[in-house]
Amino acid sequence: MAAAIAVALGALVTGAAVPTAAAAAPVAERHDTVQQGLNALVRSDGMPAALASVTDGKGHTRTYTAGVGDIATGAEVPRDGQIRIGSNTKAFTAVVVMQLVAEGKVELDGHIDTYLPGLVHGDGIDGGRITVRQLLQHTSGLPNYTNGLSDDIRYYEPRELLGLALRQKADFEPGKGWKYSNTNYLVAGLLVQRVTGRPLAVEIEQRVIRRAGLRHTYFPAPGELRIRERHPKGYYQDSVGAPFTDATEWDPSWAWAAGQLVSTNSDLNRFYSALMRGRLVPRPQLGQMRTTVPAGSPFADGARYGLGLVSTPLSCGDGVYWGHGGSMTGYETRGGITGNGHAVGIAVTTQPGKATQKRMDEIVDRALCSAARPGKG
C-alpha cells in the first residue's frame with residue numbers, strides 16, 4: 001500500500017489544451033494556474049487525484065487532471081470523470097422546490113406542517129413554525145441528522161434519517177440563527193415528494209437534469225453503489241497519514257436530498273450556468289435564491305447563503321461567484337460561476353482537511369479572478 005500511495009502522490013497527468021495564438025497569454029495564465037493548483041493538491045496535500053473543468057462565458061470547457069485514478073493500479077484519472085458531488089445536490093433540490101413555488105404549489109413562507117402535517121416535531125422542533133424558506137436557507141434550527149449516524153455502511157430510508165434528527169434538541173428557534181444542517185434538505189426532499197406524488201429522484205431528473213442538458217448526472221437508485229461511467233476511485237482516511245480505504249462504492253443513501261447526486265465538474269458548471277441564466281427557475285424565484293444571509297462553517301470567509309446557493313467574494317474585488325460545493329465520502333468538490341458566465345469546478349478523491357479545502361477555494365478564486373480581468377477571456 002505504501003508503494004501505491006507513493007505512486008499516487010508522485011504521478012501527474014497534465015490536461016491543458018493548447019490555446020489559440022491570439023489568446024495564448026491570458027488563457028495560458030489562467031489555465032496554468034489551475035493545473036499548477038491541481039498538481040499541488042496531489043504533491044503537497046496528499047490527494048490521490050484532483051480534477052477540474054473550466055468553462056468560459058461562451059460555454060467552452062477545458063478539463064484538467066492530476067494524480068492517479070486508482071492508487072492500487074496507478075490508472076490514469078479519467079478526464080472529467082464522474083464523482084459524488086455531495087452537497088451540490090442541495091442546489092438541485094432547492095431548484096425543484098423553487099419551481100414548485102413558481103407553479104403555486106408551495107408557499108415559500110408557508111409552514112412545513114402545511115405540507116408534511118405532524119411529521120417535523122420534537123424537542124423545541126415545531127413544523128408549524130418552520131417555513132420552507134428557512135429550510136432552504138438553513139435558518140430553521142433543525143439539528144443535523146448526521147450527528148446521529150452510526151459507522152454502519154448501509155442503506156438508509158429518508159424517514160429513518162429524519163428520526164435521527166428529531167431525537168435531538170433544536171439548535172435554535174426558527175429564524176433566530178444560521179447553522180448548516182443536512183436535515184433541512186432532507187425535509188425539503190420529503191416536501192417535494194408529498195407535493196408532487198413522485199420520488200425526489202424522478203423530479204430532479206425531469207425538472208433539473210434534463211432541462212439543463214446534463215448528460216453525466218444522475219440520482220443513484222436505492223442500493224445502486226457503483227458509479228455508472230468512468231470515474232476516479234474515492235478514498236476514505238481515518239486521519240491524516242492513515243492508509244487510504246477504497247470508499248467508491250459505499251452506500252450514499254445517508255445523504256439523499258442533501259448530497260446523493262453523481263455528476264462531473266463540467267456538468268456542474270453547466271448546471272450553475274443554466275440556473276444563473278434563468279433557464280431552470282423564473283427570475284423572481286431566482287432572485288429569492290440569490291437573497292442571502294451571512295454563512296459560517298463549512299464555507300469560506302465572507303460567504304453568504306441564499307436558498308441552496310452560496311455567494312463567495314472574489315479576492316480581486318470583482319464581485320462574487322455562485323455555487324455550493326460538496327463533501328461526500330471519498331470526494332470533495334469546490335467551484336462556482338461568476339456573473340460573466342465563467343465557471344470553475346474542482347474535485348479531489350478523498351475528503352480533505354480544512355487547510356486543503358481552503359487551497360481548493362483559492363484555486364477557484366485565482367482562476368475566476370484571472371478570467372475577470374480585462375483581456376483575460
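The legends below describe close-up views of side-chain contacts in a predicted model.

**View 1. Tyr180 and Phe299 form an edge-to-face aromatic pair.** A pair of aromatic rings is described by the distance of the centres and the angle of the planes. The count for the structure comes to nine aromatic pairs. In the pair shown here, the ring centres of Tyr180 and Phe299 are 5.4 Å apart, and the planes make an angle of 85°. Tyr180 belongs to the loop between helix 6 (158–166) and helix 7 (182–196), while Phe299 belongs to the loop between strand 9 (293–294) and strand 10 (304–305). The two residues are 119 residues apart, and their pair links distant parts of the chain. Tyr180 and Phe299 are both buried. Ring pairs also bring in Trp178 and Tyr305, giving a cluster of Trp178, Tyr180, Phe299 and Tyr305.

**View 2. Arg154 contacts both a ring and an acidic side chain.** The charged end of Arg154 sits over the ring of Tyr156, at 3.9 Å from the ring centre. Arg154 also forms a salt bridge with Glu160, in which the closest N and O atoms are 2.6 Å apart. Arg154 has a relative accessible area of 32%, so this residue is partly exposed. Glu160, at 33%, is partly exposed as well.

**View 3. Arg228 lies over the face of Tyr218.** The distance from Arg228 to the centre of the Tyr218 ring is 3.8 Å.

**View 4. Asp70 and Lys233 form a salt bridge between two loops.** Side chains of opposite charge can pair when their charged atoms come close. The structure holds 17 salt bridges. In the one between Asp70 and Lys233, the closest N and O atoms are 3.5 Å apart. Asp70 lies in the loop between strand 2 (61–67) and strand 3 (83–84) and Lys233 in the loop between helix 8 (200–209) and strand 6 (235–236), so the pair ties together parts 163 residues apart in sequence. Asp70 counts as buried because its relative accessibility is 11%, whereas Lys233, at 29%, counts as partly exposed.

**View 5. Asp267 and Arg270 meet in a salt bridge within helix 10.** The N to O distance between the two side chains is 2.6 Å. Both residues lie in helix 10 (residues 265–276), three residues apart, which is about one turn of the helix. Asp267 has a relative accessibility of 1% and therefore counts as buried. Arg270 has a relative accessible area of 34% and is partly exposed.

**View 6. Salt bridges that share partners form a network.** The network joins Glu103, Lys105, Arg198, Glu203 and Arg207.

How values were computed
Residues are numbered from 1 along each chain as its sequence is written. This is a predicted model: local features need pLDDT of at least 70, side-chain atom pairs count only at pLDDT 80 or more; totals for chains, interfaces and linings use all residues. Side-chain values use heavy atoms; hydrogens and water are left out. Rings of Phe, Tyr and Trp (its six-membered ring) pair if their centres lie within 6.5 Å; planes under 30 degrees apart count as stacked, over 60 as edge-to-face and the rest as tilted. Helices (H or I, at least four residues) and strands (E, at least two) are DSSP runs, numbered from the N terminus. Buried means under 20% relative accessible area, exposed over 50%, partly exposed in between (1.4 Å probe, protein chains only). A charge sits over a ring if NZ of Lys or CZ of Arg is within 6 Å of the ring centre and within 35 degrees of the ring normal. A salt bridge is a side-chain nitrogen of Lys or Arg within 4 Å of a carboxyl oxygen of Asp or Glu.
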